[in-house]
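Please open the structure in your viewer and keep the sequence panel beside it. This tour proposes a series of selections and states what is to be found at each stop.

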Amino acid sequence: KASLSLTPCEINPLYRAASVTDHHPRITTPMTEQAYPPPNAGKVRLVRIDEDRADQRLDNFLFGQLKGAPRSLIYKIIRSGQVRVNGGRAKAETRLEGGDEVRIPPVRLAEPGEKGTPARGLLDAMAASIIFEDARLLAINKPTGVASHGGSGIAFGVIETLRALRPKETLELVHRLDRDTSGLMVIAKKRSTLLELQALMRESDADDGRGIAKRYLTLLVGRMPDGIMSVDAPLHVGLRQGGERHVQVQAGGKASLSHFRVFEPRGGHSYCEVRIETGRTHQIRVHAQHIGHPVAGDDKYGDPEVNKRLREQLGLKRLFLHAASLEFALDNGRVPYMLDAPLAQELVDVLDRLR
């Protein structure tokens, strides 16, 4: 279910098929910022940032400029200093400003058709996952096991598959979900919408009560106390051998705040709602582990013995974490959105067996 309140214009809140005739204006860029250069050009390019791209992260800018490049390659050329901003080295999270000059080295990209296309099953699953769409954005109920984007051995994630479904549209990820987490994801269909939603995400991380309200559903191992338990614990993202990300509570990490509320106990465990005020990597999973009640089915931060029992007795073969809803407002608060993604059926079945 997804609902939307719009004023002063009226837009149908129900999902409309891909044949919708909404007008999607093309994004144009000045000659100094050619969005799609020949993919295998062997020359360094100097790209001057237009004002409408101000405040975009350097890595996100490069993803758009180097379509088809693996994420690992993007970060490699940034770390090695091959990418320069105004002649100097820069980090992936550097925010670009209008008038900045970005040096982009020659990069070997796949020729059109070389990478192939997503499997038909993935295309069908992604088409079926769309639960809301209007002229600005679309929302999906992401299945578990599907990455937000390709990379690290994954050829096609959410965004690549949606672009294959809609090759003539401009589609950009607004945010990401862990591969094993199911639920609500928002994709922008206009550059202006992407920038506005990214600004709202930053307001959320600033912990000022504004931005985007994010709500998750989860099953935590063990019996949680009644009421709301707020976890204010800084998180640090580290890398294990092989490049795997591992997050832990650590002084000096990024400020992170989660609020856990028990809906009801189930079979000695706790079915909970989680509201997060920051959007750190693996935040809910690590905060749950930190308070001694890891997320059921979590192979990275969870309890292996409990996970085994839940798998054998209840058929829980995945992470029990679901992004249930997002609330935000566009046009400086004038256009409110309330989007909901129903809990996956396999998780509903687990809850029923826990009674």
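Accessible areas come from the Shrake-Rupley method with a 1.4 Å probe, and for residues only the protein chains shown count as cover. Begin with the whole chain, which exposes about 17,800 Å²; carbon and sulfur atoms supply 50% of that area.

The model is predicted, so that local features need pLDDT of at least 70 and side-chain atom pairs count only at pLDDT 80 or more, while totals for chains, interfaces and linings use all residues. Residues are numbered from 1 along each chain as its sequence is written, and side-chain values use heavy atoms, with hydrogens and water left out.

**The whole chain**

Colour the chain by secondary structure: eight helices and 17 strands appear. Both are DSSP runs numbered from the N terminus, helices (H or I) having at least four residues and strands (E) at least two. Of the 355 residues, 45% are buried, where buried means under 20% relative accessible area with a 1.4 Å probe, counting protein chains only.

**The sheet with S2, S3, S4 and S5**

Select S2, S5, S3 and S4, which in that order form an open, antiparallel sheet of four strands. Two strands pair if DSSP finds at least two bridges between them. Strands S2 (45-48) and S4 (88-89) are the edges, each pairing on one side only. Next, select residues 84-85 and 101-104: these are S3 and S5, joined by two bridges in the antiparallel sense. Val-85 has Val-102 in S5 as its bridge partner.

Now add residues 58-65. This is helix H1, which lies across S2, S3 and S5 and runs at about 55° to S5; axes are lines fitted to C-alpha atoms, for helices over the stretch in contact (heavy atoms within 4.5 Å), and angles run from 0 to 180 degrees between N-to-C directions.

**Strand S16 and its partners**

Which strand is found at residues 321-330? It is S16, and eight of its ten residues are buried.

- Select residues 182-188, strand S9, which runs parallel to S16 and is joined to it by two bridges. Ser-182 stands opposite His-322.
- Select residues 213-220, strand S10, which pairs with S16 in the antiparallel sense over six bridges. Lys-214 has Leu-326 as its bridge partner.
- Select residues 335-340, strand S17, which pairs with S16 in the antiparallel sense over six bridges. Here Leu-326 stands opposite Leu-339.

Finish at the hairpin of S16 and S17, where four residues lie between the strands. In this turn, Asp-331 has a positive phi of about 55°.

Note on methods. Buried < 20%, exposed > 50% of the residue type's maximum accessible area, 1.4 Å probe, protein only.
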